[in-house]
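Here are a few notes to read alongside the model, meant for someone opening it for the first time. Keep the viewer handy and click through the residues as you go.

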Amino acid sequence: MEKAVEILDEMTLAGIIPDEHTYTTIMHGYASLGDTGKAFEYFTKLRSEGLELDVFTYEALLKACCKAGRMQSALAVTKEMSAKNIPRNTFIYNILIDGYGLLNFLCALIYFTLVLSSVFILQFFSLFCRMFM
């Protein structure tokens, strides 16, 4: 993403004004990394410059939120979409489905990690007690 931002800076220095497609492309790049901070930063730039927010812009923001497991943020984004009468398409729903699938996977992973580590601790404690008691 570093090179993409350099190109954006070069573009600006050359007097070419970034449009919503430019910022959305940058947002998609950060979304693929799960970097919600940077995705929101460019979303804020886009909005503050009075550029058009469309379904593709929100798609990039949702992708960043879901990839990072920030489903509350993703839901806030969908509420904003509804408030601005931006319709949800198949891609929006697929991103949300992927996000909740990832969240369920992470919850299961954490649960099994805790269960397995507690079993290990119990076995270690049992062995320790047999050796020293």
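1. Start with Glu 6, which counts as partly exposed at 35% relative accessibility. This is a predicted model, by the way. Glu 6 has a salt-bridge partner in Lys 3, with the closest N and O atoms 3.8 Å apart. Lys 3 is the exposed one, because its relative accessible area of 52% is over 50%. Both residues belong to helix 1 (residues 2–13), where they are 3 residues apart, or about one turn of the helix.

2. How many salt bridges does the structure hold? The count is 3. As background, side chains of opposite charge can pair when their charged atoms come close.

3. Another of these bridges is in helix 3 (residues 36–48), home to both Lys 38 and Glu 41. The spacing is 3 residues, about one turn of the helix. Here the closest N and O atoms are 3.5 Å apart. Lys 38 is partly exposed at 31% relative accessible area, and Glu 41 is partly exposed too, at 33%.

4. Now look at Glu 80 and Arg 47, a salt bridge whose closest N and O atoms are 3.0 Å apart. Glu 80 sits in helix 5 (residues 71–83) and Arg 47 in helix 3, so this pair ties together parts that are 33 residues apart in sequence. Are the two partners buried or exposed? Neither label fits: Glu 80 is partly exposed, with a relative accessible area of 23%, and Arg 47 is also partly exposed, at 38%.

5. On to the rings. Searching the whole structure turns up 3 aromatic pairs. In one of them, Tyr 23 and Tyr 42 have their centres 6.2 Å apart and 35° between the planes, which makes the pair tilted. This pair links distant parts of the chain, since Tyr 23 is in helix 2 (residues 20–33) and Tyr 42 is in helix 3, 19 residues apart. Tyr 23 is buried at 5% relative accessible area, and Tyr 42 is buried at 4%.

6. What kind of pair do Phe 43 and Tyr 58 make? Their ring centres are 5.5 Å apart and the planes meet at 65°, so the pair is edge-to-face. This one also links distant parts of the chain: Phe 43 comes from helix 3 and Tyr 58 from helix 4 (residues 55–67), 15 residues apart. Phe 43 and Tyr 58 are both buried.

7. It's worth selecting three tyrosines together. Tyr 23, Tyr 30 and Tyr 42 are linked into a cluster by ring pairs.

8. Next, the packing of helix 4 and helix 5. Two packed helices are described by the angle between their axes and the distance between the axes. For helix 4 and helix 5 the angle is about 165° and the axes are 8 Å apart. That angle is over 145 degrees, so the two helices are roughly antiparallel to each other. Their crossing is left-handed.

9. Which residues make that contact? From helix 4 they include Val 55, Leu 61, Leu 62 and the two cysteines, Cys 65 and Cys 66. Helix 5 contributes, among others, Met 71, Ala 74, Val 77 and Met 81. Two residues from earlier points come back here: Tyr 58 on the helix 4 side and Glu 80 on the helix 5 side. Tyr 58 is the ring paired with Phe 43, while Glu 80 is the salt-bridge partner of Arg 47.

10. Have a look at Asp 54, in the loop between helix 3 and helix 4. Asp 54 is buried, because its relative accessible area of 16% is under 20%. How far is Asp 54 from Thr 24 in space? C-alpha to C-alpha, the distance is 9.4 Å, although the two are 30 residues apart in sequence.

11. Finally, a backbone detail. Most residues other than glycine have a negative phi. Asn 85 has a positive phi of about 55°, and it is not a glycine. You'll find Asn 85 in the loop between helix 5 and helix 6 (90–132). Asn 85 is exposed, with a relative accessible area of 68%.

How values were computed:
Residues are numbered from 1 along each chain as its sequence is written. This is a predicted model: local features need pLDDT of at least 70, side-chain atom pairs count only at pLDDT 80 or more; totals for chains, interfaces and linings use all residues. Side-chain values use heavy atoms; hydrogens and water are left out. A salt bridge is a side-chain nitrogen of Lys or Arg within 4 Å of a carboxyl oxygen of Asp or Glu. Helices (H or I, at least four residues) and strands (E, at least two) are DSSP runs, numbered from the N terminus. Buried means under 20% relative accessible area, exposed over 50%, partly exposed in between (1.4 Å probe, protein chains only). Rings of Phe, Tyr and Trp (its six-membered ring) pair if their centres lie within 6.5 Å; planes under 30 degrees apart count as stacked, over 60 as edge-to-face and the rest as tilted. Axes are lines fitted to C-alpha atoms, for helices over the stretch in contact, and angles run from 0 to 180 degrees between N-to-C directions. Angles under 35 degrees count as roughly parallel, over 145 as roughly antiparallel, 65 to 115 as roughly perpendicular and the rest as oblique. A crossing is left-handed if the near helix is turned anticlockwise from the far one by less than a right angle, and right-handed if clockwise. Contact means heavy atoms within 4.5 Å.
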